[in-house]
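Let's walk through this one together, from the overall picture down to a few strand pairings and a bit of surface. Have the coordinates open as you read.

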Amino acid sequence: MNIPWFEYRGIKSGAMGVVVSAYPPITRAQERVTSLTVPGRSGELTMHDGPRPVYEAYPRPFDCYLQPGADADAVFSWLRAHGDLVVGNEPDRLYKARVSAPIELHKVTRSNSYRSFTAIFTVQPFKYLHPAPADITLSNGQTITNPGSAEAAPVFTITGSGPITLSVGDAQAQLQGIVGGIILDWEMLEAVS
């Protein structure tokens, strides 16, 4: 039987003396939409937040306890900031996460020193392959297919000269005047030369 675990910022829970009681449910993120009630119309009108689906970050709470001798201050320090989260029931997926709520230690019983707590991670809506696949180099005319089930947000580093057409799905980007290269980051919606 595998003991539930998570890895945050490159450190597994067991290495910190943290025991996970059970995994939180695997969740699909909620799509960001606005619902309007239109007078005289049954139901509601759903308006999307952009030309492509946009999803909300959501909480993943882990009920845990500290083993005897575990350093609570070290655990608090580890469970801070932003980091990558890998969960034992999805070891081939990675979440971008942060601990989003205070962590309160509670004594389980008077007779032992186990201290329970809930670590609530706010995870971004997409999962990433873990470990990450190697960078892919494409030449003129080559294509790649997204192996995932969600719309991809790739980062392209483009080098070349003359007019360049980059096609991503149905969208095309016309590039010209590139000197030395350009980075197009679909997730951040930015271009850097």
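A residue counts as buried here when its relative accessible area is under 20%. Keep in mind that this is a predicted model. By that cut-off, 26% of the chain's 193 residues are buried. The chain exposes about 13100 Å², and carbon and sulfur atoms supply 53% of that area.

How does the overall shape look? The radius of gyration is 22 Å, whereas a compact globule of 193 residues would come in near 16 Å. Along its principal axes, the C-alpha trace spans about 75 × 55 × 30 Å. As for contacts between residues at least 6 apart in sequence, 62% of them join residues at least 24 apart.

In secondary structure terms, you've got 1 helix and 15 strands. A good place to zoom in is β10, residues 115-129. Strand β6 (residues 58-66) runs antiparallel to β10, with 9 bridges between them, and L66 has R115 as its bridge partner there. Strand β8 (residues 90-99) also pairs with β10 in the antiparallel sense, over 6 bridges; look for R98 opposite T122. Then there's strand β9, just residues 106-107, joined to β10 by 2 antiparallel bridges. Its K107 stands opposite R115, the residue that also partners L66.

Now for the surface. L36, L45 and M47 make a nonpolar patch of about 230 Å². M47 sits in strand β5, residues 45-48. Why can M47 take part in such a patch? Patch residues need over 30% relative accessible area, and M47 qualifies on that count because its value is 41%, which makes it partly exposed.

How values were computed: Residues are numbered from 1 along each chain as its sequence is written. This is a predicted model: local features need pLDDT of at least 70, side-chain atom pairs count only at pLDDT 80 or more; totals for chains, interfaces and linings use all residues. Side-chain values use heavy atoms; hydrogens and water are left out. Patches are made of residues with over 30% relative accessible area and no salt bridge: like charges are joined within 9 Å, nonpolar side chains (Val, Leu, Ile, Met, Phe, Trp, Tyr) within 5 Å. Accessible areas come from the Shrake-Rupley method with a 1.4 Å probe; for residues, only the protein chains shown count as cover. A salt bridge is a side-chain nitrogen of Lys or Arg within 4 Å of a carboxyl oxygen of Asp or Glu. Helices (H or I, at least four residues) and strands (E, at least two) are DSSP runs, numbered from the N terminus. Buried means under 20% relative accessible area, exposed over 50%, partly exposed in between (1.4 Å probe, protein chains only). Two strands pair if DSSP finds at least two bridges between them. The radius of gyration is taken over C-alpha atoms; the globule rule is 2.2 Å times the number of residues to the power 0.38. Contact means heavy atoms within 4.5 Å.
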